[in-house]
Amino acid sequence: MLIPAVSKLKLPECIIALPRGGAEVAYPIAQWLKLPVFLHYCRKLRSPSNPELAFGAIDQFGKVALNQDLIQELGISQSYIEQEIQYQQEDIKKRILKYGAETTGIEGKHCLLIDDGIATGYTMLSACQSLLAQNAKVTVVVPVTSASAYQKIQQQCNIIYLINDPNLSAIGQYYKDFPQTSDQSVHQIILETHHNN
């Protein structure tokens, strides 16, 4: 369903997915465009009282996007923020060792940045800012986004989506089947798209 929308773009030169779920969404697009899938590693920064609630995100290059209003509302301390950033940086290093295929050499290229959906938007915002800082042209491609996340992202770069929901509460509710993407699936997508393209 995303391919017809993507086909209207100037031909992309690079496909970048946010692991793990983004790799599965990127796979059919990569097959169609005959391009390999690269990975851009981002992790959400978890609120102390609710790990599912993100107060920001950090990416593989250390680019941090913070929701200052939520930080103030929850009274999150600077020491906790620094501790969580350090923890997620270590997690990103482990994921890079596990999956490889990290994003490099994108200067001046038109990149599709793909995930399985955008809820708060801070993970995607961190990735966008990092890629734009490398002088890439970025188009975000997702099946579903919250209206608030769309507002944040579209100020940074183009965004293609199928559903923009102001009442989005969970990405999984828009999928008929939403199992957690396995490490094996990510490895297979990387191997197959790099081997065939």
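Is Tyr 161 buried, partly exposed or exposed, and what is its relative accessible area? In this predicted model, Tyr 161 is partly exposed, because its relative accessible area is 31% and partly exposed residues are those between the limits of 20% and 50%.

Tyr 161 also takes part in an aromatic pair with Tyr 150, in which the ring centres are 5.4 Å apart and the planes stand at 70°, an arrangement described as edge-to-face. Since Tyr 150 belongs to helix H6 (residues 147-154) and Tyr 161 to strand E8 (residues 158-165), the pair ties together parts that are eleven residues apart in sequence.

The count of aromatic pairs comes to three. One of the pairs is formed by Phe 55 and Tyr 80, whose ring centres lie 6.2 Å apart and whose planes meet at 55°, so that the pair is tilted. This pair links distant parts of the chain, with Phe 55 in strand E4 (residues 54-59) and Tyr 80 in helix H4 (residues 78-99), 25 residues apart. Both Phe 55 and Tyr 80 are buried.

Strand E6 (residues 110-114) is mostly covered, with five of its five residues buried. His 110, Leu 112 and Ile 114 are buried on one side of E6, and Cys 111 and Leu 113 are buried on the other, so both faces are covered. E6 pairs with strand E1 (residues 14-17) in the parallel sense over four bridges, and Ile 16 stands opposite Leu 113 of E6. Strand E7 (residues 137-146) runs parallel to E6 and is joined to E6 by five bridges, with Val 140 of E7 opposite Leu 113. Between E6 and E7 the chain passes through helix H5 (residues 122-133), in a β-α-β crossover that is right-handed.

Notes. Residues are numbered from 1 along each chain as its sequence is written. This is a predicted model: local features need pLDDT of at least 70, side-chain atom pairs count only at pLDDT 80 or more; totals for chains, interfaces and linings use all residues. Side-chain values use heavy atoms; hydrogens and water are left out. Rings of Phe, Tyr and Trp (its six-membered ring) pair if their centres lie within 6.5 Å; planes under 30 degrees apart count as stacked, over 60 as edge-to-face and the rest as tilted. Helices (H or I, at least four residues) and strands (E, at least two) are DSSP runs, numbered from the N terminus. Buried means under 20% relative accessible area, exposed over 50%, partly exposed in between (1.4 Å probe, protein chains only). Two strands pair if DSSP finds at least two bridges between them. A crossover is right-handed if, with the strands pointing away from the viewer, the path from the first strand over the helix to the second runs clockwise.
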